[in-house]
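Me: I am new to this structure and should be grateful for a close look at a single part of it. Please describe that part and its surroundings in one connected account.

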Amino acid sequence: MTTVLGSEVILTENLTTVTEFLLLGFSSLGEIQLALFVAFLFLYLVILSGNITIISVIHLDKSLHTPMYFFLGILSTSETFYTFVILPKMLINLLSVARTISFTCCALQMFFFLGFAITNCLLLGVMGYDRYAAICHPLHYPILMGWQVCGKLAAACAIGGFLASLTVVNLVFSLPFCGANKVNHYFCDISPVIRLACTNTDVNEFVIFICGVLALVVPFLFICVSYICILRTILKIPSAEGRRKAFSTCAAHLTVVIVHYGCASFIYLRPTANYVSNKDRLVTVTYTIVTPLLNPMVYSLRNKDVQLAIRKVLHKKGSLKLN
């Protein structure tokens, strides 16, 4: 609408405030969506059963009541909630025509997703320190990783993760959204949502980038330093068998770290303007589905201590049923 006041021309537009978003997800793939639903549902059930098994076994078997498995249990718990925030909604949308999500639910989904994701990053950093303490300072390990210390480190990871998430979500959803509401993703992630804001987002994006550096780069550098010290200690072990055993306790952790940090860095440590929907969705699937799958499958279920604990728990349950 145009209004003339004296010699000035004032242009006003009717701007509609966005109250809900449309998650485009995999809608461009047409009939393939049904096959994706079956595949993702299967993977989600495997993730749930694997992580719940790990949590239960660590809780029930006293031989696994050590700092390493304490953090592993917390990581599995965090991974369970992390996938629950995204995957059920994604599965529903694969079979649904209406793929809408309210403004508030979108903000909550982003908050919990980022909260658990950053918590996982920090936990992986703490687990790297745990391996450093166990291998490089075995005599001081009970003091360095006492239960009180472990509890404080776990609480710090969770508090730090959700405070960082709250900061990022506030920066995204404090922006005005008017008109465009199609999120070119299968959940409310930072880049596809912030691109819909109808104002300049440079300052917000810069602060979010700094948060990403603190959440990803700092823990990763900490892990790298820990493993440099671990490698130096392992190389000093005289026997090949001793070196193999020492490194085997770190191999699975390194696998999860490389996949998790590699994919997350690709998505979050770059400007929003470089967001490419199809390639980014593929990478995001890796760290929202494959990484939570790696935790129980690679990190734990291939571990001899965990396998023995599972057999013991199953044997106890079998004995109780017979009695």
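Reply: The account below concerns one sheet and its surroundings.

The model is a predicted one, in which local features need pLDDT of at least 70 and side-chain atom pairs count only at pLDDT 80 or more, while totals for chains, interfaces and linings use all residues. Residues are numbered from 1 along each chain as its sequence is written, and side-chain values use heavy atoms, with hydrogens and water left out.

As a setting for the sheet, the protein has ten helices and five strands; these are DSSP runs numbered from the N terminus, helices being H or I of at least four residues and strands being E of at least two. Of its 323 residues, 45% are buried, a term that means under 20% relative accessible area, with exposed over 50% and partly exposed in between (1.4 Å probe, protein chains only).

The sheet itself is open and holds three strands in the order S4-S3-S5, with mixed pairing. Strands S4 (100-102) and S5 (182-183) are at the edges with a single partner strand each, so each has one side without a neighbour in the sheet. Two strands count as paired if DSSP finds at least two bridges between them. In general, the strands of a sheet pair through backbone hydrogen bonds, in either a parallel or an antiparallel manner.

Strand S3 (residues 20-23) runs parallel to S5 and is joined to it by two bridges; Leu-23 has Val-183 of S5 as its bridge partner. Towards S4, S3 runs antiparallel and three bridges join the two, with Ile-101 of S4 as the bridge partner of Phe-21. Phe-21 and Leu-23 form the covered face of S3, whereas Glu-20 and Leu-22 form the uncovered one.

Helix H3 (residues 103-136) lies across S3 and S4, at about 85 degrees to S4. Such angles run from 0 to 180 degrees between N-to-C directions, the axes being lines fitted to C-alpha atoms, for helices over the stretch in contact.

S3 is also among the elements that cover the buried residues of H5, along with helix H2 (67-94), H3, helix H6 (190-194) and helix H7 (202-235). The buried residues of H5 include Cys-150, Ala-154, Cys-157 and Gly-161. Helix H5 (residues 147-173) has 27 residues and should span 39 Å at 1.5 Å a residue, which agrees with the 39 Å between its end C-alpha atoms; the expected span is 1.5 Å times one less than the number of residues.

Beyond S5, the loop that leads to H6 holds Tyr-186. Tyr-186 counts as buried because its relative accessibility is 2%. Apart from neighbours within four places in sequence, the residues in contact with Tyr-186 include Leu-23, Ile-86, Met-90 and Arg-281, where contact means heavy atoms within 4.5 Å. The side chains of Tyr-186 and Thr-288 make a polar contact of 2.9 Å, that is, a pair of N or O atoms within 3.5 Å of which, within protein, one must be able to donate a hydrogen and the other to accept it, residues adjacent in sequence counting only if both atoms are side-chain atoms. The side chain of Tyr-186 also reaches the backbone nitrogen of Val-285, at 3.3 Å.
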